[in-house]
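Work through these exercises with the model open beside you. Try each task before reading its solution.

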Amino acid sequence: MIGIFWYYLSCTVRNRTAHQLRRLSNPRYAVALLIGVGYFWLVIGRGLVRGDPDVSSQARADIGLMAQMVFTLFFAASIAKWWLFGGSRLALAFTPAEVQFLFPAPVARSQLILFKLLRSQFVALFSAGLLALWMSAGRGLAFPMRMISLWILFSTLGLHQLGATLVHESVTSAGGGRLAWRRNGLPIAIVVAAIAGVAWTLFGAREELRAAVQNQSLIHTLDAVLHRPIPRAALFPIHILFAPLRAGGVGEWFMATLPALALMIAHYPWVLWSDVAFEDAALDATAKRVARLAALRRRGAVQPVTGKKVSRAAFRLSPTGRPEVAIVWKNLTAFSRTLRTQTFVLLIVLLALVYVVATFAAGSADKARMVIGAVSLAWGGLLAVAGPMWIRNDLRQDLPQLEILRVWPLRGASIVAAELTASTIVLTVMQFAALLVGFLMFRGVPSETFTPAVRGWLAVFAVIFLPVLNAMAMTIHNGAALLFPAWVKLGSERPGGIEATGQGILTTVATSLTLAVMLIPPLLVGTAGAWVGSLALGRGGAALAVGAAAAAVVTGVEVGFLLRQLGVVFERTDPSAAGIGAGG
Amino acid sequence: MIIVSSLTKYYGDLAAVRDLSFKVSPGEVLGLVGPNGAGKTTTLRCLSGIIPPTSGSITITGFDLAKQPREAKGALSFIPDEPQLFEYLTVEEHLRFVGRLYGVPDVEERIVPLLSELELVEKRGALSTELSRGMKQKLAIACGLLHRPKVLLLDEPLTGLDPIGIRRMKQTILSRAREGTAVILSSHLLHLVEELCSQLLVIQGGRLVALGKIAEIVADRPHLSGQGLEDIFLALTGSGNGPDSPRS
């Protein structure tokens, strides 16, 4: 059976690659590829990021240590989530064609899982290669060793997620009976014990951590605490996976890779065994199994919650008025219906956790408030970069239905503008909320630099500039989808899983660079505006607001220009030639 | 009224539609038939403004589709064979959405009769993802009919419908035609075409093979006299190897 799977996957990869290469006959794709290759050659090939000479080796080591700690805790949290709440259902997702051909075929379910594992390796290898290329720009291990280390890391975590999801689904399927809970109970108990162990150790070390905050040695102290027996045992598997990436030489890397590889290999039979156990427990007919898995596959994509009462629309849509408003209404309604209570609960729990940890570490509620304020401000900043990738209720969602969009009695530019308005509104509201929390948390905190007046003007700056900045970012992301539909995930399907990191990196780099280039004129004009403002109004926040207004106007003009151009592209795009929507 | 003049569409070097001219008057139902790859879908896509033709002109109720696209599109409706719906909107919200797009002030008054006509009243609050294939098709049809278009373009409209739905759909098409709508119906179901269409347009290889009432087409080809539409179709498209085999 592996031979058949291999045939299908290798043909798919070969034909897909050939198809992508054929696309390069289109000048648009060829130019984009040249720019991309040029960028990677400049940045990585020429070593433009081989380390800032001004950054000391100590500072670099600190950054490395902090990054490793952050990723260790992130992966630990992810694993805990997979066991406690179930993994991403993308881990179980099959394509419609795979369901149609493989599920009714005489293929055992364990073989389907094997197929799934085999397929994920292609994505994991691509991501590992790209990330290794990126990391090789710094110092340390050579590219092949980094790539192998990252591949083991991604594969193992992907396998673990799949295994945890299978077990979790088997519990759900078995209705949470005693047998099911016996199977799921042990891992849950281990996860809960690990969380409790780490939390207890951190609680016990609160004085040390508090002192470390005062001495600005938090990273090293936290690292030391996390290497104490209980946290070390709890995080042991993740440490094993990270060890090859920390190796200083070939010998050390080899010795560290062996246990990591063993851990990865051990996952294979475990995942397959979970599946067999599931089959034993379920004792279901083949038809039922197919239906259930088909349902799982459907849920792989982001879907609205069905079977429950549908939530109200974003606002009441009047039957008359500008038709563009209907598109904004549709997209805002779509966004509101993808929100889940779980997200809000998680956010509140996280904020509470930050507050508790900060109170212990800082020793006072005031400082804890500042920590929460800083986290909120950082979150607002992160949203400016990552938000346009997360919030996609715009053309990226609707392009598969381009045929229908093209029939609407509207100009192309109007449709494009209306489509990305909802995303811009959502992103801006989220940013304002984060900034407001930050603003309130820092209220009353004395600072020579950030006086109340300066803070007020900074808020004015944000209110003026953020909406147009977000509109620009959304225009770039939607423009990328329209110009390069073959390179952008469209529809409700999201590139998912740890192994799909590579695509995320490419998207981030490409769109961030475009945004940076587009922001040069507003920056220049904004600076000039602030200078003129300072001459007229004196140095201070008022001049900043003038600069922000000038920058906002230029950004707005740029957005308008881009929308006009994208409107033309929209009107000229042939859905079937671009590979969008239904063919025929 | 639809007036198509010398419509030609190339995909690279491939001519999907070549020099196609015809017109459909208000109240007429034109059946667009042809074998797979004949250019039916491309023709409908050009007529609905989804893709621009390489050359030629299309006039919808007096508006040139290339020069006055908003006015032309406002008067037409295209219902594709595969219903394309928004997964986060309910049945009723789809109609409100379309109502605003096309500026229908009395949308609320039109929703219930339309949903009744298509037997969707009970599903008015359901998300499109909760509908069966046939119901999705009905919703797509309801969306297409809401603004009472003067031109209706239908691509395999009966796909996925049950027998009752098929009967209702036939009645719907005929009633719209009686109200003065110009209808173009593309389908492989020749009995449907025979039953509903007042005119027939047969294309193959992107070229017009025959145009007119079935009786007129047969009158021009006496050897087809007395044959059913299926045989006529086979003869016209060359599958029957008769004297009417089209030459490329």
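**Exercise 1. Two positive phi angles**

Is B:R148 buried, partly exposed or exposed, judged by the other C-beta atoms within 10 Å? Then place the residue and compare notes with B:S6. The model is a predicted one.

Solution.
- Step 1: count neighbours. B:R148 has 15 other C-beta atoms within 10 Å, so it is partly exposed. The cut-offs are 20 or more for buried and 12 or fewer for exposed.
- Step 2: locate it. B:R148 sits in the loop between α5 (133-145) and β7 (151-155) of chain B.
- Step 3: check the backbone. Phi of B:R148 is near 50°, a positive value, and the residue is not a glycine.
- Step 4: turn to B:S6. This residue also is not a glycine, and its phi is positive at about 50°. B:S6 belongs to strand β1 of chain B. It has 12 C-beta neighbours inside 10 Å and therefore counts as exposed.

**Exercise 2. An open sheet in chain B**

Find the strand order of the open sheet of 4 strands, then identify its edges.

Solution.
- Step 1: read the order. It is β2-β1-β4-β5 (chain B), and the pairing is antiparallel.
- Step 2: find the edges. β2 (14-24) and β5 (63-64) of chain B each have a single partner strand, so one side of each lacks a neighbour in the sheet.
- Step 3: inspect one edge. Strand β4 (residues 55-60) of chain B pairs with β5(B) over 2 bridges, in the antiparallel sense. Opposite B:I60 stands B:F63 in β5(B).
- Step 4: look for a packed helix. Helix α1 (residues 40-47) of chain B packs on this sheet and touches β1 (2-11), β2 and β4 of chain B. The direction of α1 makes about 60° with that of β2(B).

**Exercise 3. An enclosed strand**

How many of the 6 residues of strand β9 (residues 199-204) of chain B are buried? Trace the partners of this strand too.

Solution.
- Step 1: test burial. The count is 6 of the 6 residues, so β9(B) is largely enclosed by the rest of the structure.
- Step 2: split the faces. B:Q199, B:L201 and B:I203 are buried on one side, and B:L200, B:V202 and B:Q204 on the other.
- Step 3: find the parallel partner. Strand β3 (residues 29-33) of chain B runs parallel to β9(B), joined by 4 bridges. B:L30 has B:Q199 as its bridge partner in β9(B).
- Step 4: find the antiparallel partner. Strand β10 (residues 207-212) of chain B is joined to β9(B) by 5 bridges. B:L201 faces B:L211 in β10(B).
- Step 5: close the turn. β9(B) and β10(B) form a hairpin with 2 residues between them. B:G205, in the turn, has a positive phi of about 60°.

**Exercise 4. Helix packing in chain A**

At what angle do helix α8 (residues 206-215) and helix α9 (residues 218-226) of chain A pack? Classify the pair and list its contact residues.

Solution.
- Step 1: set the scene. Chain A has 23 helices and 0 strands.
- Step 2: take the geometry. The angle between α8(A) and α9(A) is about 160°, and their axes are 8 Å apart.
- Step 3: classify. Angles over 145 degrees count as roughly antiparallel, so α8(A) is roughly antiparallel to α9(A).
- Step 4: list the contact. α8(A) supplies A:E208, A:L209, A:A212 and A:V213, while α9(A) supplies A:L218, A:T221, A:L222 and A:V225.
- Step 5: sort by class. The contact holds 6 nonpolar, 1 polar and 1 charged residues.

**Exercise 5. The A-B contact and α14**

Which element gives the most residues to the side of chain A that touches chain B? Describe that element.

Solution.
- Step 1: size the contact. It takes 30 residues from chain A and 33 residues from chain B.
- Step 2: name the contributors. On the chain A side, α14 and α18 (402-407) are the elements that give two or more residues. α14(A) gives the most, with 6 residues.
- Step 3: sort the chain A side. It has 17 nonpolar, 7 polar and 6 charged residues.
- Step 4: check the helix length. α14 (residues 324-338) of chain A has 15 residues and spans 22 Å from first C-alpha to last, close to the expected 21 Å.
- Step 5: look at burial. The buried residues of α14(A) include A:W329, A:F335 and A:R337. Their cover includes α17 (395-398) and α19 (412-441) of chain A, together with α3 (91-101) of chain B.

Methods. Residues numbered from 1 in each chain as written. Chains lettered and ligands numbered in written order. Predicted model: local features only at pLDDT ≥ 70, side-chain atom pairs only at ≥ 80, totals over all residues. Expected span 1.5 Å × (residues − 1). Contact = placed C-beta atoms within 7 Å. Pairing = 2+ DSSP bridges. Axes fitted to C-alpha atoms, helices over the stretch in contact; angles between N-to-C directions. Nonpolar A, V, L, I, M, F, W, Y, C, P; charged D, E, K, R; others polar. Parallel < 35°, antiparallel > 145°, perpendicular 65-115°, else oblique.
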